[in-house]
Amino acid sequence: MALLTVLDAELAYGDLPLLDLAQLTVLPGERIGLIGRNGTGKSSLLQVITGRAALDGGEIKRRDGLNVVLVEQEPVLPAAVTLHESLLLRGHLPSIADERQRWQVEARLAEYLQRLAVDGGAAPATASGGQRKRAALALAFALEPDLLLLDEPTNHLDIAVIEKLEELVTRAKAAIVITHDRRFLDRVATRIVELDRGQLRSYPGNFAAFEARREQELAAESTARRKFDKFWAQEEAWIRRGIEARRTRNAGRVERLQQLRRERDARRERQGSARLALDAGARSGKLVAELEGVSKAFGDKVVVRDLSLTLMRGDRLALVGPNGAGKSTLLRLILGTLAPDAGTIRRGTNLGVAYFDQLRAQLDPEKTVAETIAPGSDWIEVGTSRKHVMSYLGDFLFPPRRASAPVKTLSGGERNRLLLARLFAQPANLLVLDEPTNDLDIETLDLLEGTLQGYSGTLLLVSHDRAFLDAIATQTLALEPSEGDGRWREYVGGYSDWLARRPAAPAPAPSASSAEGPVQRKRDARPVKLSFKEQRELDALPAEIEALEAEQAALIARMHGAEYHGTAPTQMAADAARSAELEQLLHAKLERWTALEEIAQAARG
């Protein structure tokens with residue numbers, strides 16, 4: 001039996017509908033990744049599902065007694081002395097009459113606070129955004145909802161906590177997750193639902209499967225629209241022909257043209273993509289920065305210990321570590337805005353720096369969008385060209401009516417785009433990005449990746465988005481707690497390369513094969529060859545995976561069919577159980593195929 005069903009939902013804020021006769025069914029065991037452009041109404045849909053907001057039209061049918069818990073983008077915690085007490089109030093635990101049930105929830109809350117590394121005794125008023133988010137997530141899991149709703153759950157979280165969160169979400173009874181984290185969607189989602197121009201479109205599988213299918217759909221939609229527009233233009237040309245042609249036209253053809261016009265007027269165009277361009281300016285010297293034996297501490301906490309690092313022109317260095325590890329401190333040391341306690345830092349010549357601040361402190365909330373980009377002028381110099389500020393803002397998806405809006409009225413995604421617009425307007429051969437991906441939708445994130453890949457300058461990057469790090473970084477500087485406080489080590493490649501090569505905890509004694517240190521090319525490793533049995537297993541896995549995917553697709557299609565509501569409850573339960581089993585089997589076989597294929601590729605050289 002479905003947990004909830006959204007029927008012909010209508011919801012509008014302003015002149016365009018967020019939901020336009022939208023349909024959605026959520027089944028037990030499903031983990032839905034809800035995606036779409038910023039401002040399309042994803043968060044509003046979650047509010048409607050919880051009952052905090054009402055539809056303008058349509059209805060939502062919920063299973064009797066359905067327990068729904070929402071964790072918002074920026075959770076609001078009730079005032080209390082400690083985070084633990086605040087969470088008890090947020091979860092309405094004091095109102096639970098059954099003492100045993102209340103004790104069980106409190107015990108689970110203590111467990112999840114520990115698993116998500118939350119200090120329950122900390123004061124809510126002084127807690128960071130990451131601490132508040134982790135605390136709200138701990139409460140949500142402790143309440144064991146039938147349907148868990150998560151709105152951008154990875155914002156403010158470091159990679160280690162995100163990976164714990166992935167594990168917890170996969171164990172939820174059912175979930176709908178709004179996130180731009182593609183790696184998270186690939187690990188967690190059993191189905192992707194895209195909110196696009198008021199419609200909810202469903203795609204079985206994870207985000208990688210969605211991308212492949214959506215590419216085909218967009219191509220087909222584009223072709224159909226081109227054919228429609230050509231036919232419409234022909235009819236318009238005919239209706240405007242001379243007197244002789246108008247004498248012979250028939251009423252049916254005129255009515256068809258009127259219908260074509262109505263269809264064209266009602267057609268909602270897909271929102272355009274931002275157009276990003278980045279000017280690297282004058283070339284810097286070959287050496288950008290050189291650190292020798294650098295250390296930095298704040299009180300008793302050592303943030304950097306004996307770090308030696310050489311940064312050359314064109315390098316793209318990613319900094320990886322938990323929140324509070326000192327990534328921002330390292331950036332300041334490299335840039336020269338903070339002095340080390342020990343060691344020396346030598347910086348190169350002709351450096352032009354542009355800094356993307358994760359706290360957006362560079363934005364004046366009282367200024368308008370246009371004033372932020374071009375104070376006192378209607379024009380802006382971008383590289384060697386001159387653009388009108390309205391045209392430039394349009395490249396970053398700001399319509400003319402938003403140009404006069406104060407910065408304080410912008411959403412998180414809009415503020416990030418505005419900061420990128422301001423940043424990219426100035427030539428810089430050293431670009432520093434501190435958490436640039438927060439609040440960006442997936443399409444803008446893809447475009448940012450492409451822009452940075454074509455950037456000829458030097459890049460320093462801090463991000464919790466693992467796919468983004470893999471796409472951009474050429475080197476990774478990671479905190480290694482197993483080696484003591486403040487120890488950072490450099491690795492070739494992005495996040496996945498660091499993950500594969502980082503030392504285990506406790507770190508094993510160095511062997512002859514690792515004597516060269518952590519920074520070495522993968523091709524230097526001496527691969528282990530597959531055994532005969534493993535090779536046969538590798539050969540058979542693609543067919544096994546395809547068979548499981550075919551069964552999964554057929555099962556999902558049947559479960560989402562119009563007549564499925566009439567299926568016997570026992571069959572529905574069996575289908576849900578098989579769906580979950582197929583997901584686990586596919587995950588296991590894909591992991592096994594990846595592991596064997598890596599060994600085989602390495603052995604082939």
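Two strands count as paired here if DSSP finds at least two bridges between them, and that rule underlies the sheets described below. This is a predicted model, and its chain of 605 residues holds 18 helices and 20 strands. Welcome to a short tour: the chain as a whole comes up again briefly, then two sheets, one helix and one arginine.

**The chain overall**

- Buried residues make up 45% of the 605 in the chain.
- The accessible surface is about 29,800 Å², and carbon and sulfur atoms account for 51% of that area.
- Take the contacts between residues at least 6 apart in sequence: 67% of these join residues at least 24 apart.

**The sheet β2-β1-β4**

- Three strands make up this open sheet, in the order β2-β1-β4, and their pairing is antiparallel.
- β2 (17–26) and β4 (57–62) are the edge strands; each has a single partner strand, so one side of each lacks a neighbour in the sheet.
- From one strand to the next, the twist averages 15°.
- Five bridges link strand β1 (residues 4–12) to β4 in the antiparallel sense.
- For a landmark in this part of the sheet, look for glutamate 10, which stands opposite glycine 57 in β4.
- Helix α1 (residues 42–50) packs on the sheet and touches β1, β2 and β4. The direction of α1 makes about 60° with that of β4.

**The sheet β11-β10-β13**

- Another open sheet of three strands runs in the order β11-β10-β13, again with antiparallel pairing.
- At its edges are β11 (301–312) and β13 (342–347), each of which pairs on one side only.
- The twist in this sheet averages 15° from one strand to the next.
- Strand β10 (residues 287–298) pairs with β11 in the antiparallel sense over eight bridges.
- If you would like a residue pair to find on screen, leucine 291 has leucine 309 in β11 as its bridge partner.

**Helix α4**

- Does the length of α4 fit or miss what its residue count predicts? At 1.5 Å a residue, the 14 residues of helix α4 (residues 129–142) should span 20 Å, and the end C-alpha atoms are 20 Å apart, which agrees.
- The helix is mostly covered, with twelve of its 14 residues buried.
- Among the buried residues are Gly129 and Gly130 at the start of the list, along with Lys133, Arg134, Leu137, Leu139 and Phe141. Several alanines are buried too, including Ala135, Ala138 and Ala142.
- What do the buried residues of α4 pack against? Their partners are the strands β5 (68–71) and β6 (147–151), together with the helices α2 (83–90), α3 (99–115) and α5 (159–170).
- Just after α4 comes glutamate 144, with a positive phi of about 50°.

**Arginine 31**

- Arginine 31 sits in strand β3 (residues 31–35).
- Is arginine 31 buried or exposed? Its relative accessible area is 10%; because buried means under 20%, arginine 31 is buried.
- A polar atom of the arginine 31 side chain lies 2.7 Å from the backbone oxygen of valine 188.
- Beyond its neighbours within four places in sequence, arginine 31 is in contact with Val169, Thr170, Ala175, Val188, Ala189, Thr190, Arg191 and Glu583.
- Valine 188 therefore appears both in the contact list of arginine 31 and as the residue whose backbone oxygen lies 2.7 Å from a polar side-chain atom of arginine 31.

Technical notes: Residues are numbered from 1 along each chain as its sequence is written. This is a predicted model: local features need pLDDT of at least 70, side-chain atom pairs count only at pLDDT 80 or more; totals for chains, interfaces and linings use all residues. Side-chain values use heavy atoms; hydrogens and water are left out. Helices (H or I, at least four residues) and strands (E, at least two) are DSSP runs, numbered from the N terminus. The expected span of a helix is 1.5 Å times one less than its number of residues. Buried means under 20% relative accessible area, exposed over 50%, partly exposed in between (1.4 Å probe, protein chains only). Contact means heavy atoms within 4.5 Å. Accessible areas come from the Shrake-Rupley method with a 1.4 Å probe; for residues, only the protein chains shown count as cover. A polar contact is a pair of N or O atoms within 3.5 Å; within protein, one must be able to donate a hydrogen and the other to accept it, and residues adjacent in sequence count only if both atoms are side-chain atoms. Axes are lines fitted to C-alpha atoms, for helices over the stretch in contact, and angles run from 0 to 180 degrees between N-to-C directions.
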